[in-house]
Structure formats: C-alpha cells, structure tokens
Amino acid sequence: MTQPLAIVLLSGGLDSATTAAQAIADGYQVIALSLDYGQRHERELRAARVVAKHLEIQEHFITQVNLTQWGGSALTDPGLTVPTSGIEPDQIPITYVPGRNTVFLAIALSLAEAKGAEAIYLGINAIDYSGYPDCRPDYLAAYQELARLSSKAGLEGRAPRLIAPLILDSKVEIVQRAVKLGVPIAQTWSCYQGGDQPCGVCDSCRIRDRALVEAGLGDLASKIP
C-alpha cells in the first residue's frame with residue numbers, strides 16, 4: 001500500500017526535527033517545508049537541510065516569504081535586539097514574529113492540498129515556550145476549522161489534519177523523544193542569533209540547554225559566553 005503523505009514544517013530546530021521524525025514513525029511519507037522569512041538566524045535553514053537528509057526525506061521545499069519588510073520582531077528587524085536576560089513571566093517577548101505560524105500554516109495548507117497530503121505536522125509547544133500566542137492548543141483547533149472551510153479538499157471532507165505531537169510535552173520530554181527517534185540533536189539549530197555558534201543566552205538557547213542538561217545530554221548544550 002502507498003504510504004499516506006504528510007507535510008512537516010521543518011525549521012531546523014530541535015522541536016521541528018523531532019516532529020519530522022515522529023511523522024515518519026507514525027507511518028507517513030514526509031514532505032518537508034522550510035520557510036526563509038528573513039530571520040536573522042537563517043543558519044537554521046542549513047540545519048533543516050541536514051536534518052532532512054539524515055531522516056531521508058526525499059522532497060524538501062524551502063520557500064521565501066519576506067517578513068522583514070515590516071519587521072515587528074527582533075528576529076526580523078535588525079534594529080531590535082534579541083533579549084538575553086531570560087524569559088519574563090506573563091510577557092510576550094520581542095522575539096515573537098507577528099503572524100508567523102499563521103502564514104506558515106497557510107503555505108503548508110496550500111502545499112498539502114496540491115500534493116494530496118493527509119496531515120500537516122508542526123512542532124509548536126505550549127509548555128516550555130516563550131509565551132507565543134500561536135503555539136497554543138486553542139490556536140491549533142481554530143486553524144483546523146479554517147483548514148476545513150478554506151479549501152476544496154476541506155469542502156470535500158478531506159482537509160488535512162493538523163498534528164502537533166509535542167504541544168503538551170516539556171522540553172525535557174522533547175529531548176527524550178528526539179533521542180528515541182534518532183534525531184541528530186547536535187545538528188539542529190535553535191539559537192535566535194545568527195552566526196556559526198549558538199549564543200547560549202537567548203531564550204531559545206536557555207530553554208534548550210536546560211532541557212539537555214536535565215536529560216543527561218549536557219555535552220550538547222551551548223557554551224555560554
């Protein structure tokens with residue numbers, strides 16, 4: 001029997017790489033979709049290519065959508081500074097990119113319908129994250145309804161399922177899942193800064209490094225300057 005298809009949003013980070021490996025473990029033939037949106041940490045796209053190759057994903061789209069034109073985030077506006085003092089409780093940080101997941105999912109829905117994919121996997125997480133509004137279960141549920149209403153496939157009762165296997169996992173649990181699934185953790189990239197080495201002090205590095213240490217993989221953690 002032909003394997004069902006799934007689109008995986010693959011940023012090159014630990015969460016998206018683990019999500020791609022999970023989709024494969026779930027029995028899907030995976031098509032990877034990475035977005036070059038003008039992020040200062042475009043280094044993650046190199047990681048996405050490495051991860052796709054490691055997981056033997058045969059089809060990998062890297063699509064440009066320039067969100068730097070209007071900025072609004074430290075990840076897309078070079079005039080803003082990536083915070084390094086740690087996560088502030090009850091505050092959405094300046095690294096939040098307005099509408100990013102909404103835009104990404106719209107492109108993924110287009111690709112899924114064109115390819116006849118049954119599912120879209122995304123690595124959003126509502127536990128150990130930085131307070132982003134588009135990483136929550138209610139956001140995902142609302143977008144699932146949009147997927148049903150907004151496409152020919154949806155009107156025919158074939159809207160792709162939006163699957164976020166890590167959404168309620170802690171970061172430590174994600175690391176443990178990555179190990180179990182054979183994800184090349186050392187080859188993933190989570191740092192918000194550009195460059196060839198992770199900064200070790202941005203929110204993403206802090207969350208990742210703490211989880212790696214707690215999971216007994218401290219040798220993979222960033223070396224904080």
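Colleague: How much space lies in the largest cavity?

Modeller: About 730 Å³. Keep in mind that this is a predicted model.

Colleague: What makes that space a cavity and not a pocket?

Modeller: A cavity is a set of points where a 1.4 Å probe fits but cannot get out, while a pocket is an open set. The search of the whole structure finds 1 cavity of 30 Å³ or more. So its points are, by definition, ones that the probe cannot leave.

Colleague: Which residues lie closest to the centre of the largest cavity?

Modeller: Ser11, Asp15, Arg100, Gly123 and Tyr132. They belong to a lining of 35 residues. A residue counts as lining because it has an atom within 4 Å of a point.

Colleague: Which elements give two or more residues to that lining?

Modeller: Helix H1 (14-25), strand S2 (29-36), helix H2 (43-54), helix H3 (100-115) and helix H7 (203-214). H3 gives the most, with 4 residues.

Colleague: How do the lining residues of the largest cavity divide by class?

Modeller: Into 17 nonpolar, 12 polar and 6 charged. Gly counts as polar here, so Gly123 falls in the polar class. Tyr counts as nonpolar, so Tyr132 falls there.

Colleague: Now the largest pocket. What is its volume?

Modeller: About 340 Å³. The lining has 19 residues, and Ala186, Gln197, Pro198, Leu220 and Ser222 lie nearest the centre of the pocket. H7 gives the most to this lining, with 3 residues. By class, the pocket lining holds 8 nonpolar, 5 polar and 6 charged residues.

Colleague: On to the sheet. What is the order of its strands?

Modeller: S3-S2-S1-S4-S5, in an open sheet of 5 strands with parallel pairing. From one strand to the next, the twist averages 25 degrees.

Colleague: Why are strand S3 (59-64) and strand S5 (161-163) called edge strands?

Modeller: Each pairs on one side only.

Colleague: How do you know that strand S4 (residues 119-121) pairs with S5?

Modeller: Pairing needs at least two bridges between the strands. S4 and S5 are joined by 3 bridges. The cut-off is met, so they pair. The two run parallel, and Ala119 stands opposite Arg161 in S5.

Colleague: Which strands does H1 touch as it packs on the sheet?

Modeller: Strand S1 (5-9), S2 and S4. The direction of H1 makes about 170 degrees with that of S1. Angles run from 0 to 180 degrees between N-to-C directions, so H1 and S1 point in nearly opposite directions.

Colleague: What makes the packing of H3 on helix H4 (residues 137-149) a contact?

Modeller: Contact means heavy atoms within 4.5 Å. On the H3 side, Asn101, Thr102, Leu105, Ala106 and Leu109 make the contact. On the H4 side, Tyr139, Tyr143 and Ala147 do. The class count is 6 nonpolar, 2 polar and no charged. Asn and Thr are outside the nonpolar and charged lists, so Asn101 and Thr102 are the polar pair.

Colleague: At what angle do H3 and H4 pack?

Modeller: About 35 degrees, with their axes 12 Å apart. The crossing is right-handed.

Colleague: And how far apart are the axes of helix H6 (residues 171-181) and H7?

Modeller: They lie 8 Å apart, at an angle of about 65 degrees. H6 also passes H7 in a right-handed crossing.

Colleague: Which residues of H6 and H7 meet?

Modeller: Lys171, Val172 and Val175 in H6 meet Ile207, Arg208, Ala211, Leu212 and Glu214 in H7. That contact has 5 nonpolar, no polar and 3 charged residues. Lys, Arg and Glu count as charged, so Lys171, Arg208 and Glu214 are the charged ones.

Definitions and conventions
Residues are numbered from 1 along each chain as its sequence is written. This is a predicted model: local features need pLDDT of at least 70, side-chain atom pairs count only at pLDDT 80 or more; totals for chains, interfaces and linings use all residues. Side-chain values use heavy atoms; hydrogens and water are left out. On a 1 Å grid over the protein atoms alone, a cavity is a set of points where a 1.4 Å probe fits but cannot get out, and a pocket is an open set with protein on both sides within 12 Å along at least five of seven lines; lining residues have an atom within 4 Å of a point. Grid points are joined across faces, edges and corners, and a volume is the space filled by probe spheres set on the points. A crossing is left-handed if the near helix is turned anticlockwise from the far one by less than a right angle, and right-handed if clockwise.
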